[in-house]
Amino acid sequence: MIALIFLVQTLRIAVPYVFAAAGGVVSERAGIITLQLEGMMLGGAFGATLGAFYTGSAWVGVLCGILGGLVFAAIHALACVHWRANQVVVGIAVNLLAIGATRFFLRLAFDSSSNSPRVAGFSVEQIGSGLLAITANPLFWLALLAFPAVALLLDRTAFGLRVRAAGEHPEAAVSVGVPVRRVQWIAVLISGALAGLGGVYLALDQHQFTDSMTAGRGFIAIAAVIFGRWEPRRVAVACVLFAAAEALQIQLQGSDVLPSQFVAMIPYALTIVALAGVVGRAVAPAALGKAEG
Amino acid sequence: MATTSVEPAAPPRAGGRAPSAGRLRARLEDALLPPIVALLIALVIGDLLILSFGQSPGAVFAQLLSGTWGNAYGFGQVLFKATTLTFTGLAVAFGLRAGLFNIGAEGQIAAGGFAAAAVALALGNAPAVVGIPLAMAGAALAGGVVGAVPGALKARFGAHEVIVTIMLNFIVLALLNWIVSAHMAVPETLHTAPIRTGTVPRLSELVDALHGSAANLTILVAIGAALWYSWYLFRTRGGYELRATGLQPGAAEYGGVSVGRVWLKAMILSGAIAGLGGINAVLGYKGYYEEGMTVGAGFIGIAVALVGRNSAAGVVIAALLFATLSQGGLAINAIVPKQMVEVLEAVVIIAVAAAVPAVRLALRTARRAEGGEPA
Amino acid sequence: MTDGRDETPGEAALGDQENPSRDADSRAARPTTPPGRAPSAERREPAVLLDGISKSFGACVANRAASLSVAPGEIHALVGENGAGKSTLMRVLSGMFRPDGGRVLVHGRDVTGWSTSEAIDAGVGMVHQHFMLVPPLTVAENVVLGIEPRRGIALDRARAEREVAELSARTGLRVDPRRRVAELSVGEAQRVEILKALFRGAKVLVLDEPTAVLSPPEIEELWTVLRRLRADGGTIVLITHKLDEVMAISDVVTVMRHGATVDRMATADTSPREIARAMVGREVSLAGEIALGESGARHSALGTGEPPSTERTRSSAECRAPSANVQAPSSLLSVHDLRIQGPRGLRAVDGVSFAIAPGEILGIAGVEGNGQTELVEALAGLRAIASGTVRLGDLDVTRLSVRERADAGLSHIPEDRHHRGLVLDHSVAENLILGQQHRFARGLRLDADRIDANARRQVEAFDIRPTDPRLPARSLSGGNQQKIVIAREMGRDFRVLLASQPTRGVDVGAIEFIHERLREARRAGKAVLLVSADLAEVLALSDRVAVMYGGKLVTVMPRSDASPSVLGPYMTGAHAEATA
């Protein structure tokens, strides 16, 4: 039973990581750093809340959430792809922007600085709050498809080939007529839509938007992308691994075995270890972050 | 990301001290135009946000100014916030001068603040002449240690400092959270016991009008750090080698500089500056270390360095700008949500980051057309 | 550094500046097709006709009224020294540059000023010297990138691989379409580049120095492929400066010098000597080649694909230039059997030995990209040495750091002042202490007064203008920037000077000035290693002259024996041809 609870908890925690990290893979494979995953998730969560609140439909919430992620993705792409601004600086600024903007509009829309009213989610209640409730959430099934879809996109489509070329050697891609900037724009927008879905899942799961509710999940997703060496399959595994660590942390809370803070460090520590190349070096796409200049 | 060059600000101009009027004008344009463009963009967006709340932009901005530079308390708060941002801004700028992007100031300043409190607590009732220097040293040391990790990993393995510092932020904050909550917190709180030595006097003890504001003599340390920053970079051999490494690693190597060693040293010093910033809130204001007391200072420090173009004076001015925005948010909160300024801060950063390349390109084109500057 | 770099716009022009005296070459005006020489193919409509192409970059003239006519089904060699304007001319053809004057006709159609994609569509493909390949992608993916065969949105990988395999089989460009480019050898990567062009339907193929990175057997294979393409009606323009290649593969040769096409001949009717003369612009004497017969014959063995063996290299070096290998006790710089690893497992420097006595200038001539850069960087401590020793006087410096070598009396004028020699955004005064900063420090601090005094002294002594040492180095002209480097390296105590391309891209006055300084160093008893792509410079300054080719010193001789005609064959690899 404990194992089952642990498994379900892991899956629930993994869903937003999976969406965001899948988006991160697409953008970074196209050569654009995505430190703004956190902000795009927050935009998704807020959009979903607005949509679901005003229409009462969770599905409209999903669409609005995707739109919310796209807004911040577009800002990032405009600054970094179009104007060639530094991707790290803009990524961090987009995160700050998302936090500030969602707070501002939270007050504008709901006159609250902490949370929105309760909104519709997917009707999980019918099954009850049992362990298998998650199976009633269509976003869970969508999340299962996210990485296979990204893997197919990158490996099996002409666009994916261009994405990989743009991230590895943009000059070579340009020299054979690939519109690298357009490819990067689209890749960033795809990452925004996917990260937005991660935020949607959070908001609809909790039936409300709360201030900064993504709580660093975007950065865990980045850690997963790097730890998974930018390969969809490995990144998916990293997401589940990091989610399991967090589920473990929840299980350990209140016990004296291991302070939960140390379990919380696992994803970050593993990522640093991967970057330092202690166990198989994580090598980024060759032109990642070089669009500036 | 292994070899990304992250140098958002201008290539720092060294040595030349305004030799001619034309060059001075060019440098001024270079330095001022991007932030001015950015502020204009922020102003427009601010107007839109204010209008969306059904308020008058003029009234809001007037309130923002009068609540900050318009009264002694507000001004004191601006000074207090600018002090912290000067430290983190200098820390980020210092890294950038060496060609490194230190996103870890967030964790470094928290580590510094904690260490200052821990040292002060350990010293018990020691006199201030002992307590203050030792607590400061502890803060700088802790920040330096946190900075050393990405520096060493970069020098040894080429691990990209951006990702390492981001990840390290979370690790450091989790570690501090554990130490404080498990071992040092006053029950029912997230802060340590109050310190009994090392307290830095408030400015209000010198100027009555500042009463109630958190501004304290740490501001002198911040000014000292800014002066040291300029001195170190432009007057010492280490600074010379650091700037050469940041501008042209190939030339530095040619000049007998060990680039890896410079990276390590730069990250340690950058971390130490950020760590020292932790004393402003701990020794100068609260008198204890509390979870999240410096949250955001490291990230805004990136903006401060960017707008301040990695010069000491620029960083101080940019710190005042961002402190004004932050304090101004509180001043206008009665009319429009204070979160508006968070949006504006982010807009300024994005606009500067995007406008710096764009404006510089436009300037260069214009000057080349004039035939003024060699291409 | 590969020599093709030389012909990027800026540097091409720099080459012109270096030799202003030769600029007034009147041959540019002479008809490029001497009557009676024209091959029979000329009567048909040319596949490519470049007519009076001029192209400048700022003040630098890269092409001056250059003309080229290539018949269909012809392999046409475009030869010339570094900076002669070959690559620029071909980039005009491939649409990368728009010419300032002249016309570009392809199969009779005026396409002047077209774009790269228009050129590709019209069947003109260029294979660049620096590969434009995406290493983690497979061969097939690289070839089809941009014009992918699709099924819906899906990439039709099977079709891509099939088509690439077919093309590969048809042309003889053997390479497995499923392999990742990162795993390929240089030769295979080049085949992929050619496949890319052919896959896009190239009928006219331009190859920029294709053999620079190839081993002898790979070169032979390339020739086979090119002959097959020619047999299929393809037209090929081959940029090169190696005359053995010209003789081996081409039908017609066009020679460029200083931006102009100065001669055109049918390969069958000419000789390496004649081509070399046209390239250099001077008469070539056969006597020199005969005198150096033995070493030439030995070297020719390399050209036929026999892998170089350490032993033979050493013995041939000894018999050809005994003086170079003797470590005279009095020599200030002695290098013994130096080997340096190059990219992709090749040797950049392969068993080089020499010694330089006090008061001697040893000049190393040679086309760039033959190991000179690596040699100098290794001597300066900037590049790892695989094996061999370097001595400064009696001191073994092989394992010492850059700074330790500098302290031991080594000065170094690097070939690329923009990359290594200067921190462009630092002031002149700051640049004047680069590498010496520890000598201008008092404790931690830099001694501003001494730095100022040093700057004022050097600015005056080396006539650096403008004279304000606070200006950023970036704001000075090329000649004055180079004077900063010269002042720093020669305005202090040193025993040995490594001078790499010391006058590249500087004006006439500065060239004279720098040459005089180098002579002064000789008079003062210093040992100078001069590396220059400018043969005239090497001849003007050196006491002994060596030629570097393929990572080896292929000859060392006293200045009195050296002349362009003697050295030319060594530099172009044609010494093998001359004696074979």
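Which residue of β24(C) stands opposite C:Val545? In this predicted model, the partner is C:Met557. That pairing belongs to a stretch where β23(C) and strand β24 (residues 552-558) of chain C run antiparallel, joined by 6 bridges. The two strands make a hairpin with just 2 residues between them. In the turn sits C:Gly550, whose phi is positive, at about 60°.

β23(C) has another neighbour as well. Strand β15 (residues 360-365) of chain C pairs with β23(C) too, this time in the parallel sense and over 4 bridges. Here C:Ala546 of β23(C) has C:Ile364 standing opposite.

How many of the 6 residues of strand β23 (residues 544-549) of chain C are buried? The count is 6 of 6, so the strand is largely enclosed by the rest of the structure. In a regular strand, side chains alternate between the two faces of the sheet. Both faces of β23(C) turn out to be covered. One side carries C:Arg544, C:Ala546 and C:Met548, while the other carries C:Val545, C:Val547 and C:Tyr549, and all of them are buried.

Now for the contact between chains A and B. Each of the two chains puts in 42 residues. On the chain A side, α3 (58-82), α4 (87-110), α9 (217-227) and α11 (260-276) each supply at least two residues. The most comes from α4(A), which gives 14 residues to the side touching chain B. Sorted by class, this side of chain A holds 31 nonpolar residues, along with 7 polar and 4 charged ones.

Note on methods
Residues numbered from 1 in each chain as written. Chains lettered and ligands numbered in written order. Predicted model: local features only at pLDDT ≥ 70, side-chain atom pairs only at ≥ 80, totals over all residues. Buried ≥ 20, exposed ≤ 12 C-beta atoms within 10 Å, placed from the backbone. Pairing = 2+ DSSP bridges. Contact = placed C-beta atoms within 7 Å. Nonpolar A, V, L, I, M, F, W, Y, C, P; charged D, E, K, R; others polar.
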